[in-house]
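Work through the exercises below with the sequence and the 3D view open. Try each task before reading its solution.

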Amino acid sequence: MIDRRTLLTRSAALAALGLSQPLIARTSTTARAPAAGGPYDLIIVGAGTAGLPAAIFASRRGARVLLLDAAPVIGGTLHLSTGQMSAGGTRLQKSLGIVDSADAHFDDVMRISQGSANPEIVRLAVDQAAPTVDWLMDCGFRPMPGHPVMGLGHEFYSERRYYWGENGGRSILEVLTRELEAERASGRIDLVLDSPVTALLRSDAGAIEGVRATQAGSERVYRGRQVLLASGGYASNPAFWEELDGYRQHANAAYPFSRGDGLRLARSVGGYLRGRSMYLTSFGAILADESSPAALYAGFETWPDRRAPWEIYVNVRGERFVREDEPSVHQRELALLPQPEQRFWIVFDEHMLATAPPGVKNWSREDIREALATQNVFYTAPTLAALAQRAGIDAQGLEYTVRRYNEAVASGRDPWGREHLPAPIGQAPYHAIRMQGFAITSNVGIAVDARLRVIDVRGNPVPGLYAAGEALGHSQTSGKAYVGGMSVTPALSLGRLLGQTLPLDAEARA
Ligand SMILES: Cc1cc2nc3c(=O)[nH]c(=O)nc-3n(C[C@H](O)[C@H](O)[C@H](O)COP(=O)(O)OP(=O)(O)OC[C@H]3O[C@@H](n4cnc5c(N)ncnc54)[C@H](O)[C@@H]3O)c2cc1C
C-alpha cells in the first residue's frame, strides 16, 4: 500500500537533490464515492497534472465529470515534480519585451530533440502552452523572480521561455486545487480517491462506455460517454519499465502511482504503445545504495560552466567515455547511455579533495569526507588498484586510464578534448563516488491521433477513449532528449484542451 508517508519520504529525497521541495501534504481533497455510477459526460482516470485541468474545463462547459484517482490525494506527480514549464508567446514574456511564439518553441523542441519528438503532438502542445501559462497566472500562479529563463538542468532554449514556481510542481497544484474546488461547488464534478480504475467497459459495437474501479476492496462500475486516460506513466513500475524500455529502472523517484495502468487499459481495448527505443538516461546522481531501484541521495555538479571538473569519469571497465567538461548536457547523456548499466565513477585523489571546490551539490568538503568514510557508494583506498576493487571497477583499466590522463595533464593535450586539466591524479588516498544514470519520466506511451483519441495500429480511434499527459510517453513531446518543461506543460495544456473541446453530447459517438 502506498501512502502519504511514502510520498513524503520520496519528496524529501528529491529535495536533497535540489529537484523539488519537501512535500507538505496540504493539498489533499477528501471525497466520498458517489452513490450512483453515472452516466457521466466524461470520466477521467487520474486527478493529476493532465486530469485536473481537463476536469475543470469540462465542468465549466456544463459537463458532468467523474474524476477517479488511485491515490489518497489529488495532484499526481505535481507533488514531486520540479514543475518547470515552457511556453512561447505568453503575456509575461510580452510584458518583458521577449519576442517569442509557439512556432519558435516548436522549432527549439525539434532542434534539441534532433527531430526525434512527435511533431504532431509537439505542435498541439506548444500551441496550447502559452494560453495555459496565461490561465495559470490569471488564477494566481507566480513564477520565480527573474523568470522566464532559458534553461537550467537540460539543454538551453534559444529564448527565455522556461518558468517555474517557488514550490515547484506544488505551486501549480495549489492553483489547480483552488480551481477544482470552485468547480466542484457547482456539483458537476464527482471526485473519488483511493480508487484505481482496473478495466474499461465497452459496448458490443466497441465504444467505451465506462470504467470499472475498486474501492476499499469492492468493485464499482461507472458509466460514462467518454473516458480520458490521464493516469501518468510507469516510472514506479520497474518490471514494466524494463519490459518497455529494455533498461533497468535505477531510481526510485517517481510518483508511486505511476504504474502504467493507463497503458494497460488502452491496450486492453485495442490501443497500442509507441516510443520504444527512445530511452535516454540523465547524466546521473548519487543513489542511497547499490540496489536498483534505489532512492536518490545526492547530486554531483557535472555542469562544467558551474564547476569546472577536476576529477575523471570512468565506466566499470575503468575507461573514460566523455570529455568531463563537455558543455552539452545532451551530449553527456548520450555518451552515458551505452555505458554498462548507465553507471560511472567520479575518480579523484586527496589533493583534489583538499583543493578543488566540493563537487557534491550543497555539501561541504567535510560532508564528502564523512560520506567517504561511511557511505557505501563512496570509496577510499590507499592505491588505485585497491580503490578499483572496492568500487567494483576494473583495476588495470583504471590504472591505465589514470596514467594516460596524467600524461594529458602534463602535455596539456587530452585525447578526449578536455580543456580543464588542473592537476594529475597522484596523491593517495584515492577516492571514487558512484554515479548512476536514471530517468524519472516514461518514454513509451499510448498512441493517439491529432485529437488525442486513442488509436489502434491501423490508426482507427477507439470510440470514446482519449489520453493525455505522460500516458502518451515523454518521448512524444521531448523525443530522445530532455527538452525543458516538455512533460508538465504538455500534460497541463493537453488536459486543458480536452476539457475545452471534447464533444459533450451525442456527437461523442461520431
Ligand atoms: C521528480 C520529478 C521532477 C519532474 N520535473 C519536471 C519538470 O520540471 N518539468 C517537466 O516538464 N516535467 C517534469 N517531470 C515530469 C512531469 O512532472 C510529469 O510527466 C507530469 O507531471 C505527469 O503528468 P500526468 O498528468 O501524466 O501524471 P500524474 O500527474 O502523475 O497524474 C496521474 C494520476 O493518475 C493516478 N492514477 C494512476 N493509475 C491510476 C488508476 N489505475 N486509476 C485511477 N488513477 C490512477 C495517479 O495517482 C495520479 O494522480 C518531473 C517528474 C518527476 C518525477
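**Exercise 1: The domain interface**

Task: State how much area is buried between domain 1 and domain 2, and what share carbon and sulfur atoms give.

Solution. The model is predicted. Start with the area: about 1500 Å² is buried between domain 1 and domain 2. Carbon and sulfur atoms give 53% of this area. Next, look at the side of domain 1, where Glu155, Tyr247 and His250 lose the most area to domain 2. Together these three residues make up 37% of what that side buries.

To place the two parts in the sequence, use the domain assignment: domain 1 covers 29–277 + 441–509, and domain 2 covers 286–436. The contact draws 18 residues from domain 1 and 20 residues from domain 2. The C-alpha centres of the two domains are 38 Å apart.

**Exercise 2: Polar and charged pairs across the interface**

Task: Find how many salt bridges and how many residue pairs in polar contact cross the interface of domain 1 and domain 2.

Solution. Begin with the salt bridges: the rule finds 1 across this interface. Then take the polar contacts, which number 11 residue pairs, with both residues at pLDDT 80 or more. Finally, sort by class the side of domain 1 that touches domain 2: it has 9 nonpolar, 6 polar and 3 charged residues.

**Exercise 3: Checking salt bridges**

Task: Test the pairs Glu341 with Arg248 and Arg161 with Asp100 against the distance cut-off.

Solution. A salt bridge needs a side-chain nitrogen of Lys or Arg within 4 Å of a carboxyl oxygen of Asp or Glu. For Glu341 and Arg248, the closest N and O atoms are 3.3 Å apart, and the pair forms a salt bridge. For Arg161 and Asp100, the N to O distance is 2.9 Å, and their side chains also meet in a salt bridge. The structure holds 28 salt bridges.

Now locate the second pair along the chain. Arg161 is in the loop between α5 (119–138) and β4 (162–163). Asp100 is in the loop between α3 (91–95) and α4 (102–112). The two residues are 61 residues apart, and the pair links distant parts of the chain.

**Exercise 4: Two hairpins**

Task: Follow β6, β7 and β8, and identify the turn residues with positive phi.

Solution. First, β6 (residues 197–202) and β7 (residues 208–215) run antiparallel, joined by 5 bridges. Leu200 has Val211 in β7 as its bridge partner. Their hairpin has 5 residues between the strands, and Gly206 takes a positive phi near 100°.

Second, β7 pairs with β8 (residues 218–223) in the antiparallel sense over 6 bridges. Here Thr214 stands opposite Glu219 in β8. This hairpin has 2 residues between its strands, and Ala216 in the turn has a positive phi of about 50°.

Definitions and conventions. Residues are numbered from 1 along each chain as its sequence is written. This is a predicted model: local features need pLDDT of at least 70, side-chain atom pairs count only at pLDDT 80 or more; totals for chains, interfaces and linings use all residues. Side-chain values use heavy atoms; hydrogens and water are left out. Domain bounds come from an automatic or database domain assignment. Contact means heavy atoms within 4.5 Å. Buried area is the accessible area (1.4 Å probe) that two parts lose on being put together, summed over both. A polar contact is a pair of N or O atoms within 3.5 Å; within protein, one must be able to donate a hydrogen and the other to accept it, and residues adjacent in sequence count only if both atoms are side-chain atoms. Ala, Val, Leu, Ile, Met, Phe, Trp, Tyr, Cys and Pro count as nonpolar, Asp, Glu, Lys and Arg as charged, and the others, Gly among them, as polar. Two strands pair if DSSP finds at least two bridges between them. Helices (H or I, at least four residues) and strands (E, at least two) are DSSP runs, numbered from the N terminus.
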